[in-house]
Structure formats: structure tokens, C-alpha cells
Amino acid sequence: MQLDHSGLEILDEDQCRTLLSRATIGRIVFTHHALPAVQPVNFAVSDGDIVIRTSRTSRLARAAADTIVAFEIDEFDTAARTGWSVVVVGPARHVADPGDAAALEALPLRSWAPGERDHFIRIRPGLVTGRRIGGPVAAPAS
């Protein structure tokens, strides 16, 4: 097991992608009016890309097209003090091809947000990193 300088376990890309394939809620980080914005979203993984379904007129659809975004998923148990986090950074793009959009319709991707969500955004992972923290480390015996 490889640890970072803070003592957290470094997850390799395969471990990160496995966690991505199991999760359904994440956070996308994008720029809105020149400031960072974070939004929780439902997502699915398709052909290695993260796929988000949104409204064509949403601030996310307007801001997260043809730009670099970050995407994060995590899970924590505060009582046990354990958890993990995966961060993906890469270009986001609107899905414009009708064939691609039709294929994405078949994904188990249903937005929790109300209203019509007829638009897809793909994030192509360029950088995939993850960390895991176990229980508290016992102090060395004296």
C-alpha cells in the first residue's frame, strides 16, 4: 500500500474507476461567472467517461461545455473515521451526436432534480486520483 505525505492511502487508477462505476451521486466543479461553482449531480459511466444528464438551459450546461472541469465522489463513515475520495479532472463536452445521445438514453441515469433533463454532458477523465483513510492510527507502544 502506497501512502501520500499525509498518511492517506493512494488509490490507483483502477481502484478509482471501480469506485466511480459503483457510485451514482457526485459533485462537478466548474467555473460560473469567473468563480468556482460546485453542484451535486447524478451520473453514470459510459465508455470510461462520466456522463451527466441536465437541462439544456441549466447553468451547468452553459458553463461546463468545452472546458476543463473537476468531478468528485466520496464516501465516509464518521463514526469509524474511514472513507475514500476520487477526483477526476478533464474536458467536458456537450453530447451533440444523436446516435450517442440515443445510446446514453439507455443508461440507468435519472436525475433527482425536477423538470426535463434532455441534455447530456460527457467528461473525459484526464487525471484520475483517489485517497482512502482507514481507522485512527494507534499510537506506538512506549
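What distance separates the side chains of Arg27 and Glu72 in their polar contact? The legend to Figure 2 gives the value, after an overview of the predicted model.

**Figure 1. The whole chain in the predicted model**. The protein chain contains three helices and nine strands. Read from the N terminus, these elements follow the order β-α-β-β-β-β-α-β-β-α-β-β. The C-alpha trace spans about 65 × 35 × 30 Å along its principal axes. The chain has 142 residues, and 39% of them are buried. Of the contacts between residues at least 6 apart in sequence, 66% join residues at least 24 apart.

**Figure 2. Arg27 and its surroundings in strand β2**. Strand β2 covers residues 25–32, and Arg27 belongs to it. The side chains of Arg27 and Glu72 are joined by a polar contact of 2.5 Å. Another polar contact, of 3.1 Å, links the side chain of Arg27 to that of Asp74. Apart from neighbours within four places in sequence, Arg27 is in contact with Val38, Gln39, Pro40, Ala70, Phe71, Glu72 and Asp74. Arg27 counts as partly exposed because its relative accessibility is 33%, which lies between the limits of 20% and 50%. The view also takes in Val87, 60 residues from Arg27 along the chain; the C-alpha atoms of the two residues are separated by 9.5 Å.

**Figure 3. Helix α1 and its two sides**. Helix α1 is made up of residues 13–22, and its buried residues are Cys16, Leu19 and Leu20. These buried residues cover an arc of only 105° around the axis, so they lie on the same side of α1. An α-helix has 3.6 residues a turn, so residues three or four places apart point the same way. The elements that cover the buried residues of α1 include β1 (9–11), β4 (44–46), β5, β6 (67–77), β7 (82–94) and β9 (127–133). Asp14, Ser21 and Arg22 are exposed on the other side of the helix. At the start of α1, the backbone nitrogen of Asp14 has a side-chain oxygen of Asp12 within 3.1 Å.

**Figure 4. Ser55 in the loop between β5 and α2**. Strand β5 covers residues 49–54 and helix α2 covers residues 59–63, with Ser55 in the loop that joins them. Is Ser55 buried or exposed? Ser55 is buried, because its relative accessible area is 15%, and the cut-off for buried is under 20%. The side chain of Ser55 makes a polar contact of 3.1 Å with the side chain of Thr57. Leaving out neighbours within four places in sequence, the residues in contact with Ser55 are Ala61, Glu116, Arg117, Asp118 and His119.

**Figure 5. The second largest pocket**. This pocket has a volume of about 150 Å³. It is lined by 13 residues, and those closest to its centre are Gln39, Pro40, Val41, Ser111 and Ala113. Strands β3 (35–42) and β5 are the elements that give two or more residues to the lining. Which of the elements supplies the largest share of the lining? That share, four residues, comes from β3. By class, the lining of the second largest pocket consists of six nonpolar, five polar and two charged residues. Gln39 and Pro40, among the residues closest to the pocket centre, also appear among the contacts of Arg27.

Note on methods
Residues are numbered from 1 along each chain as its sequence is written. This is a predicted model: local features need pLDDT of at least 70, side-chain atom pairs count only at pLDDT 80 or more; totals for chains, interfaces and linings use all residues. Side-chain values use heavy atoms; hydrogens and water are left out. Buried means under 20% relative accessible area, exposed over 50%, partly exposed in between (1.4 Å probe, protein chains only). A polar contact is a pair of N or O atoms within 3.5 Å; within protein, one must be able to donate a hydrogen and the other to accept it, and residues adjacent in sequence count only if both atoms are side-chain atoms. Contact means heavy atoms within 4.5 Å. The arc is that of the directions from the helix axis to the C-beta atoms. On a 1 Å grid over the protein atoms alone, a cavity is a set of points where a 1.4 Å probe fits but cannot get out, and a pocket is an open set with protein on both sides within 12 Å along at least five of seven lines; lining residues have an atom within 4 Å of a point. Grid points are joined across faces, edges and corners, and a volume is the space filled by probe spheres set on the points. Ala, Val, Leu, Ile, Met, Phe, Trp, Tyr, Cys and Pro count as nonpolar, Asp, Glu, Lys and Arg as charged, and the others, Gly among them, as polar.
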